[in-house]
Amino acid sequence: VYLFRPGNLRSVNLMLLTWNPDRQSTIYGAFSRHGIGPALVTLRGETSVDITNPAATTMRDLMELDETAAHVRAAIGEEL
């Protein structure tokens, strides 16, 4: 799981994160969806959103974007 706050990106080692208590933070990660496979997700409040899309299908793709946190915040996806 990655936690991005303006001016600070760090990796957070959490097994399960179910909500984002800090609205200034952008939290994103990857997990396996049953019957679908790997997915990129973000937490928006208490809602997990699958943000996997053609621009970023893997965590590597996502991390190589110039503005990773901006992409995650703007991404539209399926609420899980």
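**Confidence.** I began with pLDDT in this predicted model. The chain averages 79, and 72% of its residues are at 70 or more. I then looked for the weak stretch: over residues 9-15 pLDDT stays under 50. For that stretch the model still has 13 contacts beyond four places in sequence.

**Layout.** I listed the secondary structure and got 6 strands and 2 helices. Read from the N terminus, the order is β-β-β-β-β-α-α-β. I also checked how far apart in sequence the contacting residues lie. Among contacts with a separation of 6 or more, 40% join residues 24 or more positions apart.

**Surface and burial.** The chain has 80 residues, and I find 35% of them buried. The exposed area comes to about 5,400 Å², with 53% of it supplied by carbon and sulfur atoms.

**Core.** I looked up the largest nonpolar core and found 9 residues in it. Its members are Tyr28, Leu40, Val49, Ile51, Ala56, Met59, Leu62, Val72 and Ala75. In soluble globular proteins, nonpolar side chains tend to be buried together. I took Val72 as a case and left out its neighbours within four places in sequence. Val72 then contacts Tyr28, Ile51 and Leu62, and also Thr26, Thr42 and Arg44.

**Strands S4 and S5.** I followed the pairing of S4 (residues 37-44) with S5 (residues 47-50), which is antiparallel and has 4 bridges. One pair I noted is Val41 with Asp50 in S5. The hairpin leaves 2 residues between these strands, and Gly45 there has a positive phi near 65°.

**Strands S5 and S6.** S5 also runs antiparallel to S6, to which 2 bridges join it. Here I noted Val49 opposite Glu79 in S6. Val49 is also a member of the largest nonpolar core.

**Gly77.** Which loop holds Gly77? I placed it between helix H2 (68-74) and strand S6 (78-79). I then asked whether Gly77 is buried, exposed or partly exposed. Gly77 counts as partly exposed because its relative accessibility is 35%, and that class lies between the cut-offs of 20% and 50%. Setting aside residues up to four places away in sequence, I find Gly77 touching Val49 and Asp50. Both were met above: Val49 stands opposite Glu79, and Asp50 is the bridge partner of Val41. Last, I checked Gly77 against Thr52. The two are 25 residues apart in sequence, with their C-alpha atoms 7.3 Å apart.

Notes. Residues numbered from 1 in each chain as written. Heavy atoms only, no water. pLDDT = per-residue confidence, 0-100. Contact = heavy atoms within 4.5 Å. Buried < 20%, exposed > 50% of the residue type's maximum accessible area, 1.4 Å probe, protein only. Areas by Shrake-Rupley, 256 points an atom, 1.4 Å probe, with all protein chains shown as cover. Core = buried A, V, L, I, M, F, W, Y, C linked by side-chain atoms within 4.5 Å. Pairing = 2+ DSSP bridges.
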